[in-house]
Amino acid sequence: MQNKKTIFVCCGTGCQASGSMKIYQTMQKIISKLDLDVEVVADIKKTGCHGLCQKGPLVHITPQEITYIHVKTTDVQEIIERSIIKDEVIDRLLYFDKQQNAKIQSKNDWSFEKKQFRIALRHCGCIANDSIDDYIAKGGYQALEKVLKTMTPQEVIDEIRKSSLRGRGGGGFLTGLKWSFAAKAQGDIKYVICNGDEGDPGAFMDRSIMEGDPHTVLEGMAICGYAIGANRAFLYIRDEYGLAVENMKKAIADAHARGVMGQNIFGSGFAFDAEVVRGGGAFVCGEETSLIHSIEGSTGEPTSKPPFPANQGLWGKPTIINNVETWANVPVIISKGADWFASIGSEKSKGTKVFALVGKINNTGLVEVPMGIKLREIIFDIGGGIEKKRKFKAVQTGGPSGGCIPESKLDLPIDYDSLIAEGSMMGSGGMIVIDDRTCMVEFARYYLKFLSEESCGKCVPCREGIKSMLKILNDICEGKGQEGDIELLEEIGSMVKANSLCGLGKTAPNPVLSNIKNFRDEFEAHIKDKRCPAGVCKNLTKLYIDQEACIGCGLCAKSCPTAAISGEKKQPHVLDEAKCINCNSCRERCAVDAIRVH
Amino acid sequence: MQIIINGKTYAANPGEKILDVARRNGIEIPTLCHSEALPGLASCRLCMVEVHENGRTQYVASCTYPVADGMEVFTNSEMIAARRKILLALYNLIAPDSARIKGLLARYHVEPFDRLEADPDSKCILCGLCVKACEELGTNAISTLNRGTKKKIGTAFNEPAADCIGCGSCAIICPTQAIEMTEAEGNRTIWEKTFELLRCRDCGEYFTTPESLEHVRKKLGETVGNIEELQLCNYCKTKRAATRLKDGLHLDEYLDSDK
Ligand SMILES: Cc1cc2nc3c(=O)[nH]c(=O)nc-3n(C[C@H](O)[C@H](O)[C@H](O)COP(=O)(O)O)c2cc1C
Ligand code: SF4
Ligand code: SF4
């Protein structure tokens, strides 16, 4: 049917949280009612994530290419009457683009979209996540067919090696090289595992892919199975990810029904089967050896490498474990070729990376960008700059054990190696933007606390090292820091990095060490002057009202829970330090930034 | 196969770990969680060494890192020594009374942290040796509970362990004497369970529990050649064996019964 209009209602977890299922149902009801006497056929699909979650629920209409944001159920009737029956655009529901200073009709033209390049997320938001037909219509399973019919296992491995694809789960290990180890390993039973544990608190790219495009993950895994000689796969999915588990299970069942999974796939004689395992619920379960032990049914704790899983993994058999996003790249590399893939990205990091952009930034959400893009482009062009027009201070990359990159490094091209050189890491792609009201000591303390709770406790450098560092940081934030604390943190931190057994301990000191490196003066202010320059650490903060700047609007006085602020209307107000409990509510309210930190 | 440790070349066998070769040749590498009888646990992280291999430098746990022909190992570089001091100072916080740890502090000239307080009640360093020993015996009476800073060793639900046979292996293998095992009036108490003790057939000293004997008997099953041998303490068992060897008697039988 030509010109058939399609309405996409985003039903990813982010949009569902803001009520998109209701929109979808209302849309469906009205369409089926009108269908009788209206010529327009509206095809409603449940789609995966578009990325710009805080603007949800998102509704996108093709072929006119209209994107509506913050859609409410009360808007549905109007959308159908004006944009489906007639061809009008409802200005009120369009996205206002700060970079372009205009309302933009299609999401394709949002600044948020323009610098992005989608490989892993290519289908998220464009196909129905519960339909294998949609996936196949977009060229799905052609890569698997191609390898089974025209390539030898060695050629598949060579192709992935040539693409220089690196693991997207953290370490950035060369995927093709890892596969070649497992291919060479002796044994007639081998396994393929998808790491869908996604323990990094800020990240949700893996969840979005598993929810929005489950078949691409399965196809990638089957291609690997053929390449290394494995017939069985496990998808280890974080327990909280109910929708991902559900979609993945349905995808496996549908793939079986279509014959792209099971015995004799595409008549090649190759057999492949997959099953879902729900995660053990601890951050450390995402570490590959813990994950393997968890699938085996024992305690999800790391063991030392070697032996590496590629040689001795699940039940002692050669096992390839890759991250969800890594798997999503594989079918595209096979279809479009390693050369195409390697033409994208920086010298040593090819392709794209998905980041979860969060924190004090205007556009939060998932972004997929070519490797080597500058931080500045991600934060200002795609992210739309800092919230409330405040000043950029740093960006934390790499999840809880990543480091902070300061303003002076905004032009850093982002890839695996440049981030490590800055004392941070790629991790799974978390990116938390920090403004000038964030205390870097407290920020480091917060992550170290998370890690102290998540350390499995098996080895002393990690368990006791983190505990001791946390004790010192707690003291510093409470005003009990001592001369020599910074040096002691550095000493313990470098030992913990070097001596810990697994990646958790080996990276846990990063937030502390990178903040000491880039924001040493803030640590010194806490320890020597007993002052928190950002005004966050309560014992070390004294607020005052700048008499020049205050316009006497009285908002601050109203927001103060202890009535510490007084003053006449339109006259500069004053703050009574004795009553102030440093809750910072007044600072948040003041429109002219008159509340200052001593 | 040969490897180089601290500049000297040593013979090594495939499958061996760096620590095995070092220990065999009298090269000192400190450990807390290592036992010759068990596979390396790599949890105490004291045995870290620097390895130069295929043009790469790595910092690895020598108890689990396999040897490879031509690899070069350093056990005492400046970096290793500095980190070892910090790590030992951390050990001092969690097992301040342990003789073994005090000895290591002295041996490696470690100044305890004055900024951080040791926990006077803490003894266990969570090395995992006791759990591993119990697991190897096939009893599995104890395990690690919880995670991170709340981790501890214990019996299931903290109740007297149903599976515990009172053999005391955990308490004996523990490097910091953290497991309480008391013996009085022919009884042994461990993990809050009290066992009767048996006397050695030869010397008459108390030496094991009936449950332990039974466990060994079951494990050996039909292969047990000399049941009487089981009823001797280690000292007398060795003594008898030595006598027999000396007399050149029943050598086969002895080997059989000791399987
Ligand atoms: C503490 C810790 C947590 C990890 N969590 C995850 C995770 O949630 N998801 C993931 O894909 N990899 C995680 N990893 C990395 C995995 O160990 C492993 O390197 C990865 O799954 C390999 O896949 P890749 O090569 O495709 O990245 C974690 C590593 C550590 C040390
Ligand atoms: S580094 Fe931390 S998380 Fe990893 S094994 Fe050691 S204690 Fe466990
Ligand atoms: S009780 Fe002893 S052997 Fe067991 S983990 Fe603790 S220190 Fe190690």
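A residue is counted as buried when its relative accessible area is under 20%. By this criterion, helix H12 of chain A, which spans residues 288–296, is mostly covered in the predicted model: seven of its nine residues are buried. These buried positions are Thr289(A), Ser290(A), Leu291(A), Ile292(A), His293(A), Ser294(A) and Ile295(A). The cover over them includes four strands of chain A, namely E7 (191–196), E8 (232–237), E9 (273–278) and E10 (319–323). Gly297(A) follows the helix and has a positive phi, near 100°.

A second buried site in chain A involves Tyr416(A), which lies in helix H16 (residues 416–421). The relative accessible area of Tyr416(A) is 2%; this value falls under the 20% limit, and the residue is therefore classed as buried. When neighbours within four places in sequence are set aside, Tyr416(A) is in contact with Arg166(A), Gly167(A), Arg168(A), Gly170(A) and Gly172(A), as well as with Ser349(A), Met371(A) and Met426(A). Tyr416(A) is also 8.3 Å from Gly171(A), C-alpha to C-alpha, although 245 residues separate the two in sequence.

Chain B was examined as a whole. The secondary structure of this chain consists of nine helices and twelve strands, and its C-alpha trace extends over about 55 × 50 × 30 Å along the principal axes. Of the 259 residues in chain B, 46% are buried. Among contacts between residues at least 6 apart in sequence, 48% link residues that are at least 24 apart. The accessible surface of chain B amounts to about 14100 Å², and carbon and sulfur atoms contribute 49% of that area. Chain B carries 32 positive and 36 negative charges, and the mean positions of these two sets are 3 Å apart.

Within chain B, strands E8, E9 and E10 form an open sheet in that order, with antiparallel pairing. Strand E8 (181–184) and strand E10 (193–196) of chain B each have a single partner strand and stand at the edges, so one side of each has no neighbour in the sheet. Neighbouring strands of this sheet are turned against each other by 20° on average, direction ignored. Strand E9 of chain B, comprising residues 187–190, runs antiparallel to E10(B) and is joined to that strand by four bridges. In one of the pairings between residues, Thr189(B) has Thr194(B) in E10(B) as its bridge partner.

Definitions and conventions
Residues numbered from 1 in each chain as written. Chains lettered and ligands numbered in written order. Predicted model: local features only at pLDDT ≥ 70, side-chain atom pairs only at ≥ 80, totals over all residues. Heavy atoms only, no water. Helix = DSSP H or I, 4+ residues; strand = E, 2+ residues; numbered from the N terminus. Buried < 20%, exposed > 50% of the residue type's maximum accessible area, 1.4 Å probe, protein only. Contact = heavy atoms within 4.5 Å. Areas by Shrake-Rupley, 256 points an atom, 1.4 Å probe, with all protein chains shown as cover. Lys, Arg positive; Asp, Glu negative; His and termini not counted. Charge placed at Lys NZ, Arg CZ, Asp CG, Glu CD. Pairing = 2+ DSSP bridges. Axes fitted to C-alpha atoms, helices over the stretch in contact; angles between N-to-C directions.
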